[in-house]
Amino acid sequence: MNQKVLKTIEYTKIIAMLIEEAESSLGKERAEALLPSSDFYEVERNLLETEEAESRIRVKGPISFRGIMDIRPYFPRLQLGASLSVFELYQVARMLESSKKVKEQGGEIEDSLRAYFEEIDSLEEIRRELARSIESEERLFDDASKELSDIRRKEKGIEGKITEELNRILNDKRSMLQEGVITLRNGRHVFPVKAEYKNAFHGIVHDESSTGVTLFMEPLSIVQLENNLSELFSLEKEEVEKILLSLSLKLSPNLPVLERNLELLSHLDFVFAKAKLGKKMDGVRPGLEKEKKLKLLDARHPLIPKDKVVPISIHIGEAFRLLVITGPNTGGKTVCLKTLGLLQLMGQAGLLIPAFQGSSITVFKEIYADIGDEQSIEQSLSTFSAHMTNTVKILSEADSDCLCLFDELGAGTDPTEGAALALGILHELYERGVTTLATTHYAEIKLYALSTEGVENAACEFDVESLRPTYRLLIGVPGKSNAFAIAKKLGLSEKIIEDARGRIGEEDLHFEDLISDLEDSKRLAERERLEIEQYKEEVERLKARARESTKGIEKGREKILNRAREEAAKILSDAKETADSIVKEIRKRENGGGSSLEVEQIRSKLKKKMEETQAFSGQSVKGPMQTISLKNLKLGDKVRLLNMHNVVGTVTELPDKNGMFTVSAGMLRTKVSAKEVEFIQHKEKEAPVRNQGKTAGLGRSKAMGISPEINLIGKMTADALPELNKYLDDAFLAKLPQVRVVHGRGTGALRKMVHDCAKKNKHIESFRLGEYGEGSDGVTIIYFKK
């Protein structure tokens, strides 16, 4: 990616913010070197890692990388087998300790980052030995070795004796001293002795004051003690060097592990820095398109304060590859260009972008931008010349794998020639298939965008009344400069404005209005086309749902017929068994000499049984066993349909003038006369249950005559739920294929309760909202399992 665009679009400022989020010097180093990638799969992987790190922060909190030290300068000496200093080994110890903590924090979550955490090796044995040996950046623990412990114990003993002797001398010879203090000269303890007491003090002179009145003398009584202490210090130094070399030699074979640890830890610090920056920006992981198209929803420029930035939605690459943004100055055109360019660069760098979910970017090989004042005094170039020089370079390199951004293309010269040049440049990029955004004031470019397939207009909205831009981007709408309206609002006299209007031709005066009218017509046609498409989709959906509904009815019908066939088969089987047994008995009586009367009685019994069987199976029935009085018939009465294998139904419509009334059984509705049904019972009122044994039979009776519909409108969910559960159980016992639950629209609470109940009921196969004519979304149709 060329360096010029990174500065022009202010990508470098985003990197500065990223560096602040990294905690270790190694992480900051990686952040500073971050460049957008043009490798699709690398961008995809980087975005995924950043999103997963942000998710980890949200779920588990941030991970600290502050203890990660840059120990790379020590590697050459370790490779040579040389010894590191206490400070350097202390840094290695801190790094290993941090490695251990980071590894422990990162291995719990299953994602692509887990492999990095698991690969970290904290070299536990060496880490523990370093922790046991090194006390601080300057000192080893006394227990680093037995020899060091013995030496320091002796040192403490001698130091105690020296301190005791010094305090005694300070008290006994206070009059000989200039001050009651003990100081050090060349590592030896001395007293500030008055010059006249030089011989009386009994000591060795190490120094004297500039005036000569004070001598710094070491008492003879501690000279040997301090000599012994110096010898111990030398032994201690030798022992420390021996320990440091031993520790260093243990690190040397593990140099590859240390190098890999640094690589892993710096990468993780860098990834989590990206995640923290994205979290601060309320960023999201954009989708990644292989085709050269991008879509930003409610995108916010990350360098504009959150309370001032106005989100924009912009897309390019789907229906058009060239977008022309127009509108008045300070209307936000340049911000639109920079927002799109910057978010595209951030996405290709693996950063989350401040936009709404559903936004997507693509991967460009290069992004070119000609934005801002390019005037160069040193090169004696005008603004136009500088812009044109930049544009020529862009044209020499741009292809269909690039994104080009132009701000005020063709400005800075004669408007007629500038517009012509701008049109030529844009058309050249259009023919190459280069994804391009350009801002302009030229009406000719607006007309070009309107009349060319694959090129689109956009406008930055401006409120003429308040003289302020709204910064909203309207794609598909050409912008107007509104020069006359703005001048008038600012107080320019009407006379001057009218004079100005008269100085331009009628065609020029209405040119922008004509473009707007054409664009409005185009948008209207597009909107109507989309509505037609929506209507087509709705018709297809309704047809599909109607087919599904028909399937349900057929399924219910088939279920009823199957049940009827099973009952008929059972009836015929029972009848055959009865007949066979009676025939056997008749033959037995006849063979055994039984009386004619007995045989006749048996025959009568057989005839009666056959008549009962035929009546029950719906064969040879000429009328109902219990006739119905149409005058007393009420809605909700239970009847048996004699011509439909004794299916039990509910009266849902009262008799008409011809005596025909409607009976419903499940989803089956049919018109019948009084002769075609048998009365069972009137609609019952709810009665309290007194006896469990008696209610069992009554429950079965109710189940056999259950209504195919229940109305819950007006009930609270707490009251409706048990009623619905009981109704569904009864309907299932009655073997209804489906039922209709009326819950109304309202707040949606009843509908949600019904759907939740249906999901949990093991007897329910599926459910759906009602169709047009069934009650729409005010009812739910429930299908039971076979």
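This briefing walks through a strand, some ring contacts and a pair of helices. Keep in mind that you're looking at a predicted model. A good place to start is strand β11, which covers residues 402-406. From there we move on to aromatic rings, including Phe-117 and Phe-272, and finish with helices α6 and α8.

**Strand β11 and its neighbours**

- Find residues 402-406 and you've found β11: 5 of its 5 residues are buried, so the strand is largely enclosed by the rest of the structure.
- The cover comes on both faces, with Cys-402, Cys-404 and Phe-406 buried on one side, and Leu-403 and Leu-405 buried on the other.
- Strand β10 (residues 366-370) pairs with β11 in the parallel sense, and 5 bridges link the two.
- To spot one of those links, look for Ile-367, whose bridge partner in β11 is Leu-403.
- β11 also runs parallel to strand β12 (residues 435-440), joined to it by 4 bridges.
- Here you can look for Cys-404, which has Thr-436 in β12 as its bridge partner.

**Rings that meet rings**

- The count of aromatic pairs comes to 5.
- One aromatic pair is Phe-117 with Phe-272, and it's edge-to-face: the centres are 6.3 Å apart and the planes are at 75°.
- Planes over 60 degrees apart count as edge-to-face, which is why a pair at 75° gets that label.
- Phe-117 belongs to helix α7 (residues 114-119) and Phe-272 to helix α12 (residues 255-280), so their contact ties together parts that sit 155 residues apart in sequence.
- Buried or exposed, what are Phe-117 and Phe-272? Both are buried.
- Add Phe-65 to Phe-117 and Phe-272, and you have one aromatic cluster.

**Charges over rings**

- Lys-173 lies over the face of Phe-201, 5.1 Å from the ring centre.
- Arg-185 has its charged end over the ring of Phe-216, at 4.2 Å from the centre of that ring.

**Two packed helices**

- When two helices pack, you describe them by the angle between their axes and the distance between those axes.
- For helix α6 (residues 86-106) and helix α8 (residues 124-133), the angle is about 130° and the axes are 9 Å apart.
- That angle falls between the 115 degrees where roughly perpendicular ends and the 145 above which roughly antiparallel begins, and α6 and α8 are therefore oblique to each other.
- Which hand does the crossing of α6 and α8 have, left or right? The crossing is left-handed.

Key:
Residues are numbered from 1 along each chain as its sequence is written. This is a predicted model: local features need pLDDT of at least 70, side-chain atom pairs count only at pLDDT 80 or more; totals for chains, interfaces and linings use all residues. Side-chain values use heavy atoms; hydrogens and water are left out. Buried means under 20% relative accessible area, exposed over 50%, partly exposed in between (1.4 Å probe, protein chains only). Two strands pair if DSSP finds at least two bridges between them. Rings of Phe, Tyr and Trp (its six-membered ring) pair if their centres lie within 6.5 Å; planes under 30 degrees apart count as stacked, over 60 as edge-to-face and the rest as tilted. A charge sits over a ring if NZ of Lys or CZ of Arg is within 6 Å of the ring centre and within 35 degrees of the ring normal. Axes are lines fitted to C-alpha atoms, for helices over the stretch in contact, and angles run from 0 to 180 degrees between N-to-C directions. Angles under 35 degrees count as roughly parallel, over 145 as roughly antiparallel, 65 to 115 as roughly perpendicular and the rest as oblique. A crossing is left-handed if the near helix is turned anticlockwise from the far one by less than a right angle, and right-handed if clockwise.
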